[in-house]
Amino acid sequence: MLQKFRNAAQLRSYELIILCGILLFAFLLRILYINEITQNPDFSSPILDASFHDYWAKGLASGNWLVPDYYNDPMIQSIPYQKSPGYPYFLSFIYSLFGSSHLIVRIAQMVLGLANCTLAFFFARKWFGNTVGLILSSFMSFYWIFIYFEGELYAPVLLVFLSLLLIYTISLWAEKTNFLRCTLGGFVLGLFALVRSNVLLFWPVAAIWLSWILSRRGNFNNIFLGLSFFALGTVLAISPATIRNYVVANELVLISTNGGLNLYIGNNELSDGIKPTIPSLKEISGSDSWTPLDYAVIVRGLGRKLGKDLEYSEASSYWAQEAVHYIISHPWKFLTLTLKKAGLFWGSQ
C-alpha cells in the first residue's frame with residue numbers, strides 16, 4: 001500500500017511544472033481578490049451568519065462571551081448547538097493560533113483552498129489519470145464561487161476539503177475493504193456532518209455502496225460488520241456534539257437544532273427561494289428581520305405564541321411539521337419553488 005501511494009505521488013517533470021503553474025495562477029487570483037475585498041465594509045465587521053460564526057469562534061478562542069450592544073444574546077453556552085459547530089471551531093482554531101484578525105483567517109482559508117486544488121489533482125490523477133487531475137485542479141483554481149467563499153466567514157472551503165477527504169476514504173474500500181477503512185470512512189463522514197449536518201443523508205447511500213462492494217467480492221458475512229464499523233466511525237465523530245448538547249441543555253440533540261427552521265424558511269407561504277423569510281416573525285420576535293444571533297429570541301417568542309416553554313428540539317420539530325404541512329397542502333407551489341431554487345443554484349439571480 002505504501003509503495004502504491006509513493007508511485008501515485010511521484011510526478012513527471014512536465015506534470016510538476018503544469019501543477020505549479022496552476023497553483024501559482026490560483027495564488028495570484030486569491031491575492032488580487034483579497035486585496036479587493038479588504039476595502040469592503042463587512043470585511044472587518046461581518047454581518048448575518050458571518051457575524052454569528054465570528055462571535056462564536058472568538059468566544060471559543062478567548063473565553064469572552066460579552067455580547068455587543070447591537071446583538072441579541074445567542075446563548076451559545078447554555079443551549080443546544082443552533083448550527084453545526086464544525087466551522088466555528090475551525091475558525092476558533094485559527095484565532096487561537098494567530099489572533100482574531102479577519103485578514104489572517106481569510107489568508108488561512110485561501111491557503112486551504114490551494115491545498116484543495118492540490119488534493120484534487122492527486123486524487124483525480126490516481127483514479128482517472130494525469131490529464132483529468134490537471135483539468136480538475138485548474139477548474140478549482142479559478143472557480144469564482146470557491147474563491148469568493150474563501151474570502152467570507154462561511155464554511156464552503158472546509159466543506160470542499162472534507163468532500164475530497166470523504167471521497168478518498170470511501171474509495172479506499174474499492175481497493176481493499178477492511179474494518180479500519182470502514183471506520184475511517186464513517187469518521188470522516190461524521191466530521192463532515194459537524195460542519196454540514198444534512199450530509200448524514202448520504203450515509204445510507206455510502207452504506208449501500210459498501211454492501212455492494214462486499215457482495216461483489218463474495219464477503220456476504222462481512223456486510224453487517226462493515227456497516228457496523230462504518231456507523232461506529234460516524235458515531236465517534238458526532239458523539240461529542242450530542243453529549244455536549246445533553247450536558248449543557250438537557251436535550252437529546254444529535255448535532256444542531258436549526259434543521260426544522262431551515263426547512264420552514266424554504267417552504268412556507270412567503271418563501272420566494274431567495275430571502276430567508278419567517279411568517280409571523282414580527283409577532284414572535286418583535287422585529288421584521290433576523291440573523292442566527294436572534295435564534296434564542298425567536299424560539300422564546302414561538303413558545304409565548306404557543307403558550308408553553310419550548311425546548312429547542314421541540315421548536316425545530318414544530319417548524320418541520322409546519323413545513324411538511326405546507327408541502328402537502330401546496331404540492332404545485334412546492335414543486336415550482338424547488339425548481340426555482342435549483343435554477344438559482346446552478347445559475348444566478
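Trainee: Are R30 and E150 buried or exposed?

Mentor: Both R30 and E150 are buried. Buried means under 20% relative accessible area, exposed means over 50%, and partly exposed is in between, using a 1.4 Å probe and protein chains only. Keep in mind that this is a predicted model, where local features need pLDDT of at least 70, side-chain atom pairs count only at pLDDT 80 or more, and totals for chains, interfaces and linings use all residues. Residues are numbered from 1 along each chain as its sequence is written, and side-chain values use heavy atoms, with hydrogens and water left out.

Trainee: What makes R30 and E150 a salt bridge?

Mentor: The rule asks for a side-chain nitrogen of Lys or Arg within 4 Å of a carboxyl oxygen of Asp or Glu. For R30 and E150, the closest N and O atoms are 2.7 Å apart, so the pair passes. R30 sits in helix α2 (residues 13–37) and E150 in helix α7 (residues 144–150), so this contact ties together parts that are 120 residues apart in sequence. Helices here are DSSP runs of H or I with at least four residues, strands are runs of E with at least two, and both are numbered from the N terminus.

Trainee: How many salt bridges does that rule give?

Mentor: Four. Another one joins K83 and D49, at 2.7 Å from N to O. K83 is in the loop between α3 (48–62) and α4 (86–98), while D49 is in helix α3, so the pair ties together parts 34 residues apart in sequence.

Trainee: Why is K83 called buried?

Mentor: Its relative accessible area is 14%, so K83 falls under the 20% limit. D49 is at 25%, so D49 counts as partly exposed.

Trainee: What about D54 and K58, which also meet in a salt bridge?

Mentor: Their N to O distance is 3.2 Å, so they fit within the 4 Å limit. They are four residues apart in helix α3, which means about one helical turn separates them. D54 is buried at 7%, and K58 is partly exposed at 27%.

Trainee: How do you know that the length of helix α6 agrees with what is expected?

Mentor: The expected span is 1.5 Å times one less than the number of residues. For the 13 residues of α6 (residues 130–142) that gives 18 Å, and the end C-alpha atoms are 19 Å apart, which agrees.

Trainee: Which residues of α6 are buried?

Mentor: N130, G133, L134, S137, S138, M140 and S141. Seen down the axis, they fall within an arc of 165 degrees (taken from the directions from the helix axis to the C-beta atoms), so they line one face of the helix. On the other side, T131 and F139 are exposed.
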